[in-house]
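Thanks for making time this morning. I would like to walk you through a few local features, taking them one at a time, and I suggest you keep the viewer open while I talk.

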Amino acid sequence: MNKLLLRWLQFQRENFVLFLFLLLGVIGYGAYIAFNSEIMAFPEFTNVQLNIQTQYPGHAAEEIERLVTIPLETATRSVPGVINSTSLSEFGLSVILLTFSDDTPNWKARSDTAQYMTNANLPQGVQPGLSPDTTPLGQIMRYSLVGNLPVDEMRMIQDWTVAKALQNVSGVADVEAFGGPTRTIEIKVDLPRVKSLGLNIATIAQNLGANHQNAGGDFITHGQECYIVRSIGLYQDPMDLENAVIATQGTTPIRVRDIGSVAIGHHVRLGQAGRDHDDDIVRGMVNLRVGAKALQTISQLKAKIKQLNENILPKGCQINVYYDRSELIKRSSRTVFHNVIFGILLVCVLLILGFGVQYWAMSAGVALIIPFALLVAFVGLHLNGYNPNLISLGAVDFGIIVETAIFAAEAVLITVARPKQRDENIVLALVEVLAPALLCAFLLFIAFIPILSLQRIEGKIFRPLGITLVSALVGGQLGAFIFIPLAASWVPMGPQSPNKSDKFFHIILRWCGKVMQWFARWKYFTWISGALFCALLIVLNWGLGSEFLPTMNEGNLWIRVSAPPTISREKSVQLAHDLRERILRIKEVKSVISQLGRPDDGSDISGFDTIELQVDLGDPEDWKSAQNIEGFVNLIREQMKDIEGCDFYYSQYIKDNVDEAITGVMGELAIKIHGPDLRVLQSLADQMQDIIQKIHGAVDVGDEDVLQLPELQYVMDRNAMDRYGIQVSQAEDVLSSALSGKFAAQMVDKQGRYVDILVKPKLPAVLTQAVLNAIPIQAPGGAQIPLGEVTKAKVVEGVSHVYREEGDRRIAAKCSVRGRGVVEFVKEADDKIKQQVKLPPKYWYYWSGSFENAKRAGRQLMLVVPLCLVAMIILLYTWFKDWLLVGLLLWEIPFSAVGGLAALRIAGLNLSISAASGGVVLIGVTFLTGMMLISEWVYVKDAAKALEDKGRSIIISSGVAIIGLMPASFSHGMGSETARPFAVMIMGGLITSLFLSLTLLPAFLKRIEGKYKKG
């Protein structure tokens, strides 16, 4: 290896111009990639997921499960790449969520699913559809329509003007509307009059549709011109409908106005939105297309919205954007870039202080490696198909990146300080240092393998971070080979006058030498210290909380309120209004937007019993009532403490979407119970909820209510129907028409907007069982038979939701964990559930959510880390050819781990996948300083001399690495939550590793050097 490095350095010096052009080419390409890469707030957390949404209006949850959900589950079970399938069936709606493996492309998942779901045997007229081409992180903008127009007109503007305009923006996958009634034209007929004419609602709707159409003709010749012939028969306005003929009696036409009236109406509302003091608003949500750039799309959306507000929308209507992702990206970017820039400046200052002002060229050479390594990191991400994100950039320690360069620079400075040194001596000094440094780089690469091997959500988060660090490390090693030899030509030759930094390092190393000598006198001190540190490691790890990932601060709150399943829309609207008013009492709250139920397109699965509130908390720099998200949660809990009968779940906007997408449950942590009977499942979920409620750390505890929905069932009396000659379909059609209306046609208004025409019986505003019983059904002989005579009405407890996973019914109890580690919480809860809950045969449960992710990631690390450690040991042995020296390097692991765990405890952080990833990297980093010292000792066979020669480099390199991590370690700004445990773990470990390398390791080498000198 030494000969290879020597040839490389000689080639570089002999072909300087060629090398310079190659270097500029790499820098130019890296700069191009960097300036054209969009920095994301967070990486894409989830695997490819697809929703199959199917609406079947008027059918109960169990019927939806049987007729729609199960056939679709069966048809899509064999879709290539599917690793999980969950579903929900509720009144009129079926939603199936398919999750695909990491290596399944989005386009293939959509194509295969669309093909397979056509094989499902569904009821006539039922058409399933795929969700838009977006992800749980794709909701980049939310807005509401404000003004003085009627709310149904606002909804028409949203559907036919705003949504269409925004969907034309490149990068937009879909625009979802929520709130506002959907306008219809209702023909309310007088049932006695219809009965006297021998008509029924179905016949009226059919005849209205037949009289509402245009037809194409042909060409005719008119002189020297050709005319196109068309017939126009569409209804133009409600007046046309009033005059429409729906039957004849003899020669007398019967018109709509003869049997009823025409008025503006609305479809049955499935949901409603409110904002601040307004209970009924129209809001929209823009979803980003997979692969599109968020900031670029948001910029185009803002321009389009400005155009709509100024030139297109009618007077009295404006679009008000209350959430867009760019604000989060800007705030998080401010934190991360502050940490990065501040870290770079600290590193540069420490380099100048360490090397001395007279060697400014060498300090500059090392400092230039930092931007060079960053550019290489951008290139590495680009080549692997990733965009840079704030988590990966925020965790980069440029001090670690330049450690090799620091050792090389120190070797050059020691060489040039000697009298009469030639260029060849400098090259040889570089070769002597860069060879073991290059081996350490290989060790670091191996240390990153566990991070790169992570799967699912943890892989989505940390794989870009691992690629960033590996690429930056490659850039750092290349930089050491490129910039240090160039900087050497600018360094003054010969002895220089001592500076203050020389005196500082001399004092430190002299003190370390004395400590080393003192430790070396103790025959078994080294082994005792190792045992003590291992014991301390166990103590520090004992009771340290464990979790999957720290909660990221998004600057907002997302609150889900579960009311009793029997609640009406009107009562739910009142409750939502009360909730908004209470939250607005907190002065930092800028706005509160609520939504209850679901949108008309079935893109959400909630009912009137679910109220969701988005709370805008403004700029975190202006927070005074509380300093963090958890503080605002406590303030809102205080406001809600007297509201009874409701469960509250507190999260954040993006986090809530991700949690729901990962677990299939609206909660952070869930225990899923599988079994065939819904009532048994509900009982088990209630028992587990009561147990979890009493465990320390449990908040926002609840379970999924699948029962208690009152249901008025009309059971067909077939004997009575047979007597009158009435078909079941007739009775069901009459009941459906009374509740929802009978569709006749669609009218196009003067603005080109489609409005449904419905035929309904004229009934009291408040429908009761008695009113429904009296609705007539026309028998074959013309007799009008009341619905109550051919049916039996009864009120029963119905099913509100049917949840399924992997082909089985399931239910979930859910909670969040605060003030302790999730892993420890689950262990305690699981023990108590096993003791107190008896599961019937064919019923089982398991934990899901953040605990499941942490468990999976832990298994992966437990498998890969030992293999990587073995690879490191083999590599070290091939270098030293001595197991004792390899053992000394491995001795650094417990020392550095103690520092890392102690730092986590001091910082009040749990052991998460982020911290564990930092610990894995720490193993490779600490090997570098130890290996440089041992390599020098092998050469000189004198521990004191090795410490004198390499001590300064060890102090500078470790100090630079520690200083470079300080901004990320102490940062509490938005976007720092995931990178902070990673940085704290490495920084704490480097501090104890530095103490080991300067004292204990030289002491042990001192004790064994006699044997090696004799050998």
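Let me begin with helix H28, where Val822, Val823, Phe825, Val826, Ala829, Asp830 and Ile833 are buried. Seen down the axis of H28, these buried residues fall within an arc of 150°, so they line one face of the helix. On the other side of H28 we find Lys827 and Gln835, which are exposed. I should say at once that this is a predicted model, so please hear every value as computed from that prediction. As for its length, H28 runs over residues 822-836, which makes 15 residues, and from its first C-alpha to its last it reaches 21 Å, close to the 21 Å expected at 1.5 Å a residue.

Helix H25 can be read in a similar way. This helix takes in residues 728-740, 13 residues in total, and its span from first C-alpha to last is 18 Å, close to the 18 Å expected at 1.5 Å a residue. Which residues of H25 are buried? They are Ala731, Val734, Leu735, Ser737 and Ala738, and because they cover an arc of only 160° around the axis, they sit on the same side of H25. Just after H25 comes Gly741, which takes a positive phi of about 90°.

Next, please find Phe880, which lies in helix H29, residues 850-880. With a relative accessibility of 11%, Phe880 counts as buried, and if we leave aside its neighbours within four places in sequence, Phe880 is in contact with Leu885, Leu889, Met931, Ile934, Ser935 and Val938. Of these partners, Ile934 is 54 residues away along the chain, yet the C-alpha atoms of Phe880 and Ile934 are separated by 9.3 Å.

Turning to the aromatic side chains, the structure holds four aromatic pairs. One of them joins Trp623 and Phe632, whose ring centres are 5.0 Å apart and whose planes stand at 75°, so the pair is edge-to-face. Both partners are buried, Trp623 at 6% relative accessibility and Phe632 with a relative accessible area of 1%.

Finally, there is a hairpin to look at, in which strand S10, residues 245-249, and strand S11, residues 252-255, run antiparallel and are joined by four bridges. Within that pairing, Thr248 stands opposite Pro253 in S11. The hairpin has two residues between the strands, and Gly250 takes a positive phi near 70° there.

Key
Residues are numbered from 1 along each chain as its sequence is written. This is a predicted model: local features need pLDDT of at least 70, side-chain atom pairs count only at pLDDT 80 or more; totals for chains, interfaces and linings use all residues. Side-chain values use heavy atoms; hydrogens and water are left out. Two strands pair if DSSP finds at least two bridges between them. Rings of Phe, Tyr and Trp (its six-membered ring) pair if their centres lie within 6.5 Å; planes under 30 degrees apart count as stacked, over 60 as edge-to-face and the rest as tilted. Buried means under 20% relative accessible area, exposed over 50%, partly exposed in between (1.4 Å probe, protein chains only). The expected span of a helix is 1.5 Å times one less than its number of residues. The arc is that of the directions from the helix axis to the C-beta atoms. Contact means heavy atoms within 4.5 Å.
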